[in-house]
Amino acid sequence: MGKNTKTTFYQKKFKMEYEQSKLNRVKRGANRATYDVDKINAILDAGFLCYVGYIYDGNPITIPMAYTRRDDKIYIHGSTANRMLLSILESGKTSITVMHLDGLVLARSGLHHSVNYRSVTLFGSLNKVEKDTEKTEILKCIVDQMVPNQWGSLRPMHQKELDRTLVLEFTIETASAKVRDTGVVDEPEDYDLPIWAGIVPIKQVAEFPISDDKLKEGVEIPKHVLDYYQQNKQ
């Protein structure tokens with residue numbers, strides 16, 4: 001149930017679009033907004049890093065975290081002493097954001113410079129995952145969302161590792177996405193200026209794997225890691 005476990009069950013059980021409300025409605029650039037469940041899930045499934053917001057001692061803080069999605073749930077994990085996880089668990093709610101940068105939009109004026117992107121903001125409630133079997137399965141999903149089939153090459157988790165790991169289940173109650181995938185938008189009078197404008201596409205790429213210098217002799221790079229490199233090198 002890693003990166004390829006998607007929306008079949010979710011689509012049957014839930015409506016296909018999140019209802020707009022004061023909480024999730026996009027106001028700035030509303031024409032770029034979508035509340036479509038499939039589109040939001042596609043943006044979520046394209047990544048493995050999210051940003052989680054919380055309040056600690058009256059201060060707003062945002063922390064990047066690895067995640068995985070199963071149906072309408074997002075899972076994150078950390079140490080049982082992690083102050084962010086403990087804070088949002090105590091509050092019972094949080095907001096999570098995922099964003100992919102797709103291009104730099106270079107216009108003829110500084111005002112109209114922008115970026116092409118896909119972003120999602122999620123709102124929902126939290127529960128602690130208690131059972132070791134479920135925690136292990138979720139950790140497998142998180143690892144495999146980073147590199148497919150990686151978990152199967154690892155040693156089993158020790159009980160003491162599970163005991164020190166806090167896994168939280170975030171239920172998506174409402175959400176919105178915002179996407180910019182267009183070209184330069186300049187002032188009408190600026191199109192005649194002798195200034196270059198256009199898009200610089202941006203993407204995350206993988207470089208050839210670097211083996212740990214403490215590897216035992218004869219341990220080769222696994223096929224699934226090489227496959228990941230081949231699929232993401234350009």
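A residue counts as exposed when its relative accessible area is over 50%. Keep that cut-off in mind for the loop views below. The model shown here is predicted.

**Figure 1. Asp57, an exposed residue with a positive phi.** This view looks at the loop between β2 and β3 (59–66), where Asp57 lies. With a relative accessibility of 68%, Asp57 is exposed, because the cut-off for that class is over 50%. Its backbone is worth a look too: Asp57 is not a glycine, yet its phi is positive, at about 50°.

**Figure 2. Asn149, in the loop between α4 and α5.** Here we move to the loop that runs between α4 (132–146) and α5 (159–163), which holds Asn149. Asn149 is another non-glycine residue with a positive phi, in this case about 70°. Its relative accessibility of 57% makes Asn149 exposed.

**Figure 3. The whole chain, for orientation.** Before the next close-ups, here is the setting. The chain has six helices and nine strands, and its C-alpha trace spans about 65 × 50 × 40 Å along the principal axes. Of its 234 residues, 35% are buried. Among contacts in the chain with a separation of 6 or more, 71% join residues 24 or more positions apart. The exposed surface comes to about 14,200 Å², with 53% of it supplied by carbon and sulfur atoms. The chain carries 32 positive and 31 negative charges, and the mean positions of the two sets lie 3 Å apart.

**Figure 4. The largest nonpolar core, with 28 residues.** Leu44, Ile74, Ile76, Ile88 and Leu122 are the residues with the most contacts inside this core. At least two residues come from each of α2 (37–45), β2 (49–56), β5 (73–79), α3 (83–91), β6, β7 and β8 (165–180). Strand β8 gives the largest share, six residues. Apart from this core lies another one of eight residues, including Tyr75, Ile142, Trp151 and Leu162.

**Figure 5. The surroundings of Leu44.** Which residues does Leu44 touch, not counting those up to four places away in sequence? They are Tyr67, Arg69, Ile74, Val98, Val120, Leu122, Gln145 and Ile172. Two of these names, Ile74 and Leu122, also stand with Leu44 on the list of residues with the most contacts inside the largest nonpolar core.

**Figure 6. A salt bridge between strands β7 and β6.** Side chains of opposite charge can pair when their charged atoms come close. The whole structure contains eight salt bridges, and one of them joins Arg118 to Asp102, with the closest N and O atoms 2.8 Å apart. Arg118 sits in β7 (residues 114–128) and Asp102 in β6 (residues 93–106), so this pair ties together parts that are 16 residues apart in sequence. Arg118 is partly exposed, at 28% relative accessible area, and Asp102 is partly exposed as well, at 25%.

**Figure 7. The pair Asp227 and Lys223, within helix α6.** These two side chains form a salt bridge whose closest N and O atoms are 2.7 Å apart. Why are they about one helical turn from each other? Because Asp227 and Lys223 are four residues apart in helix α6 (residues 223–232). Asp227 is partly exposed, with a relative accessible area of 29%, whereas Lys223 is exposed, at 61%.

**Figure 8. The pair Arg155 and Glu161.** A salt bridge links Arg155 with Glu161, and their closest N and O atoms lie 2.6 Å apart. Arg155 is partly exposed, with 47% relative accessibility.

Technical notes: Residues are numbered from 1 along each chain as its sequence is written. This is a predicted model: local features need pLDDT of at least 70, side-chain atom pairs count only at pLDDT 80 or more; totals for chains, interfaces and linings use all residues. Side-chain values use heavy atoms; hydrogens and water are left out. A salt bridge is a side-chain nitrogen of Lys or Arg within 4 Å of a carboxyl oxygen of Asp or Glu. Buried means under 20% relative accessible area, exposed over 50%, partly exposed in between (1.4 Å probe, protein chains only). Contact means heavy atoms within 4.5 Å. Accessible areas come from the Shrake-Rupley method with a 1.4 Å probe; for residues, only the protein chains shown count as cover. Lys and Arg count as positive and Asp and Glu as negative; His and the chain ends are not counted. The place of a charge is taken as NZ of Lys, CZ of Arg, CG of Asp or CD of Glu. A nonpolar core is a set of buried Ala, Val, Leu, Ile, Met, Phe, Trp, Tyr and Cys residues joined through side-chain atoms within 4.5 Å.
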